[in-house]
Amino acid sequence: MSYISSYSGVLKKLKNYKTIILGGAECSGTTYTTHILAEDLGYKPIDEDYYGDYLDKFLEFTNWEKVVVQNTRFSHIIDELEPNEDSIFVWLHRPDEDVIKSEDRRGWHPKGFKKQQMNYTKKFGEGATHFERNSYMKKFFWHNYQKIRIKLDFVQINYYILEGRDEYLFPNKLMNF
């Protein structure tokens, strides 16, 4: 599946679903995008802070209606979620160099990466240990394994598609996201 090429096209597609799960690499803009999509669709944004490291709480939110659920912490299991005609997964792509800058600016790497790498190693094996950055690892497993096996409907979007929105925050303004 290719990427949706316009922000209006994204909204048109997503409005047909009650639950939107937004994933990608940490520091790729998922928090900002979760809030923007929720606002424009009239849905409630669910940050990862709502469920923390508790998988059962994350899964509970995926059954709510009219929500956009941010999911980077449990992205390794997205292809294991049961199909649901009311839910869609959105893979958010952002260039690796932008994600790495964000990780370093926020102090997320290497501690946060080691935790994600452990999750991916448990699921995918030792191949996950060969990556030195989170976005490289997550994109590799998304494109080569998870996208092929996912049971939910899904779309892929590029982070910079949000430039088509009137109130877009350009990257130099995103210091808190």
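Visitor: At roughly what angle do the axes of helix 5 and helix 6 cross?

Guide: In this predicted model, helix 5 covers residues 111-124 and helix 6 covers residues 134-149, and their axes come within 10 Å. Helix 5 passes helix 6 in a left-handed crossing, and the angle at which the two axes cross is roughly 25°.

Visitor: Is helix 5 roughly parallel or roughly antiparallel to helix 6?

Guide: The axes of the two helices cross at roughly 25°, and angles under 35 degrees count as roughly parallel, whereas those over 145 count as roughly antiparallel. The crossing angle therefore makes helix 5, with respect to helix 6, roughly parallel.

Visitor: How many nonpolar, polar and charged residues make the contact of helix 5 with helix 6?

Guide: From helix 5 the contact takes Phe113, Gln116, Gln117, Tyr120, Lys123 and Phe124, while helix 6 brings Asn134, Met137, Lys138, Phe141, Tyr145 and Gln146. Sorted by class, these residues come to six nonpolar, four polar and two charged.

Visitor: Which element gives the most residues to the largest nonpolar core?

Guide: In soluble globular proteins, nonpolar side chains tend to be buried together. Here the largest nonpolar core has 22 residues, and those with the most contacts inside it are Tyr7, Leu14, Ile20, Leu37, Val68 and Val90. Two or more residues each come from helix 1 (7-14), strand 1 (19-23), helix 2 (30-41), strand 4 (87-93) and strand 5 (153-158). The element that gives the most, with five residues, is helix 2.

Visitor: How many residues does the second, separate core have?

Guide: This second core is separate from the one to which helix 2 gives five residues. Its members include Ile46, Val69, Phe74 and Leu152, and its size is 17 residues.

Visitor: Which residues are in contact with tyrosine 7, leaving aside its neighbours within four places in sequence?

Guide: Tyr7 is among the residues with the most contacts inside the largest nonpolar core. A contact here requires heavy atoms within 4.5 Å. With the neighbours within four places in sequence set aside, tyrosine 7 is in contact with Ile36, Leu37, Asp40, Ile161, Leu162, Gly164 and Arg165.

Visitor: Which proline is joined to histidine 109 by a cis peptide bond?

Guide: The omega angle of this cis peptide bond is about 10°. The proline lies in the loop between helix 4 (96-106) and helix 5, and its name is proline 110.

Visitor: Is cysteine 27 buried or exposed?

Guide: Cysteine 27 lies in the loop between strand 1 and helix 2, and it has a positive phi of about 65° although it is not a glycine. Its relative accessible area is 8%, and since under 20% counts as buried, cysteine 27 is buried.

Visitor: What is the relative accessible area of lysine 66?

Guide: Lysine 66 is found in the loop between helix 3 (55-61) and strand 3 (67-71), and although it is not a glycine, it has a positive phi of about 60°. Lysine 66 counts as partly exposed, with a relative accessible area of 48%.

Visitor: How far apart in space are arginine 94 and tyrosine 50, C-alpha to C-alpha?

Guide: Arginine 94 has its place in the loop between strand 4 and helix 4, where it is buried, with a relative accessible area of 8%. In sequence, arginine 94 and tyrosine 50 are 44 residues apart, and in space, C-alpha to C-alpha, they are apart by 24 Å.

Definitions and conventions:
Residues numbered from 1 in each chain as written. Predicted model: local features only at pLDDT ≥ 70, side-chain atom pairs only at ≥ 80, totals over all residues. Heavy atoms only, no water. Axes fitted to C-alpha atoms, helices over the stretch in contact; angles between N-to-C directions. Helix = DSSP H or I, 4+ residues; strand = E, 2+ residues; numbered from the N terminus. Parallel < 35°, antiparallel > 145°, perpendicular 65-115°, else oblique. Left-handed = near helix turned anticlockwise from the far one by under 90°. Nonpolar A, V, L, I, M, F, W, Y, C, P; charged D, E, K, R; others polar. Core = buried A, V, L, I, M, F, W, Y, C linked by side-chain atoms within 4.5 Å. Buried < 20%, exposed > 50% of the residue type's maximum accessible area, 1.4 Å probe, protein only.
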